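Reader: Hey, I've got a protein to look at for class and I'm not sure where to start. Can you walk me through it?

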Amino acid sequence: MNNKELSQLTSPDNYFEDFTVGAVYKHSRGKTIEWLENVLITNLVMNTAAGHFNTHQMKSMSWGTILSFGGVNFSLVLGLASQDCVENALEELGLDNIRLSKPVIHGDTLYAYSEVLSKSDGTRADAGVVEFRHYGVNQRDELVAQVDRRALIKRRSYWNK
């Protein structure tokens, strides 16, 4: 496949040139936190905090239920933002300033917004660097997670030749 054929496999409107500093995107999908995501990922990364899988213990805490692991929460926010922001990414350059501001429990639904913080030329002719700030909110529109992401994004001018 040549570059033109490869470029047709992804969205036509999320290349480096399409992002404007200050733009904010509301992503269309939401995802309800299920037992599976929280317990599976918590165990896979060997997080032993009982608050993520000990129902009996958590019944006596102020939340009264299991809390979703923060790594699950911000990862879902990143995933919800991916189609609009990094579908044309060549490389993930960094995740910074991760903030978890409210607890998330099983049954909460997360939605995401993204803001373009900056754009700059990359070290490659075929891509530039875009920095996003992703915001995760629950079904009550309360901010629960925030993460900054830097990615190397394809340039349309190169990939659509």
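Author: Sure, we'll go through the sheet, then the aromatic rings, then the cores and a couple of buried residues. Keep in mind that this is a predicted model.

Reader: OK, the sheet. In what order do the strands sit?

Author: The order is β1-β3-β4-β5-β2, and those five strands make an open sheet with antiparallel pairing. At the edges you find β1 (24–32) and β2 (89–100); each has a single partner strand, so one side of each has no neighbour in the sheet. On average, neighbouring strands in this sheet are turned by 25 degrees against each other, direction ignored.

Reader: How many bridges join β1 to β3?

Author: Six bridges, with β1 and β3 (residues 109–121) running antiparallel. If you want a spot to click on, Gly-30 is opposite Tyr-111 in β3.

Reader: Cool. Switching topic: how many aromatic pairs does the structure hold?

Author: Two. One is Phe-19 with Tyr-25, which is edge-to-face, with 6.0 Å from centre to centre and 85 degrees between the planes. The other is Phe-19 with Phe-132, also edge-to-face, at 5.2 Å centre to centre and 85 degrees between the planes.

Reader: Wait, where do Phe-19 and Phe-132 lie?

Author: Phe-19 is in the loop between α1 (3–7) and β1, while Phe-132 is in strand β4 (residues 127–137), so their pair ties together parts that are 113 residues apart in sequence. Taken together, Phe-19, Tyr-25 and Phe-132 form one aromatic cluster.

Reader: And is Tyr-25 buried or exposed?

Author: In between: Tyr-25 has 26% relative accessibility, so it counts as partly exposed, because buried means under 20% and exposed means over 50%. Phe-19 is buried at 3%, and Phe-132 is buried at 0%.

Reader: Which residue lies over the face of Phe-16?

Author: That's Lys-119, at 4.4 Å from the ring centre of Phe-16.

Reader: Now the inside. Which residues have the most contacts in the largest nonpolar core?

Author: Ile-33 and Leu-110, in a core of 14 residues. At least two residues of this core come from each of α4, β3 and β5 (143–154). The biggest contributor is α4, which gives six residues.

Reader: What else does Ile-33 contact?

Author: Skipping its neighbours within four places in sequence, the list includes Ser-68, Val-72, Asn-73, Leu-76, Val-104 and Leu-110. There's also a second, separate core of nine residues, with Phe-16, Cys-85, Val-86 and Ile-153 among them.

Reader: You mentioned Asn-73. Where is it?

Author: Asn-73 is in helix α4 (residues 70–85). Its relative accessible area is 3%, so Asn-73 counts as buried. Leaving out neighbours within four places in sequence, Asn-73 touches Ile-33, Ser-68, Val-104 and Leu-110.

Reader: Last one: is Asp-148 buried or exposed?

Author: Buried, with a relative accessible area of 2%. Asp-148 is in strand β5. Beyond its neighbours within four places in sequence, Asp-148 is in contact with several residues, including Gly-94, Leu-117, Phe-132 and Arg-133.

Reader: How far is its C-alpha from that of Leu-78?

Author: The C-alpha atoms of Asp-148 and Leu-78 are separated by 9.5 Å, and the two residues are 70 residues apart along the chain.

Notes: Residues are numbered from 1 along each chain as its sequence is written. This is a predicted model: local features need pLDDT of at least 70, side-chain atom pairs count only at pLDDT 80 or more; totals for chains, interfaces and linings use all residues. Side-chain values use heavy atoms; hydrogens and water are left out. Two strands pair if DSSP finds at least two bridges between them. Helices (H or I, at least four residues) and strands (E, at least two) are DSSP runs, numbered from the N terminus. Axes are lines fitted to C-alpha atoms, for helices over the stretch in contact, and angles run from 0 to 180 degrees between N-to-C directions. Buried means under 20% relative accessible area, exposed over 50%, partly exposed in between (1.4 Å probe, protein chains only). Contact means heavy atoms within 4.5 Å. Rings of Phe, Tyr and Trp (its six-membered ring) pair if their centres lie within 6.5 Å; planes under 30 degrees apart count as stacked, over 60 as edge-to-face and the rest as tilted. A charge sits over a ring if NZ of Lys or CZ of Arg is within 6 Å of the ring centre and within 35 degrees of the ring normal. A nonpolar core is a set of buried Ala, Val, Leu, Ile, Met, Phe, Trp, Tyr and Cys residues joined through side-chain atoms within 4.5 Å.
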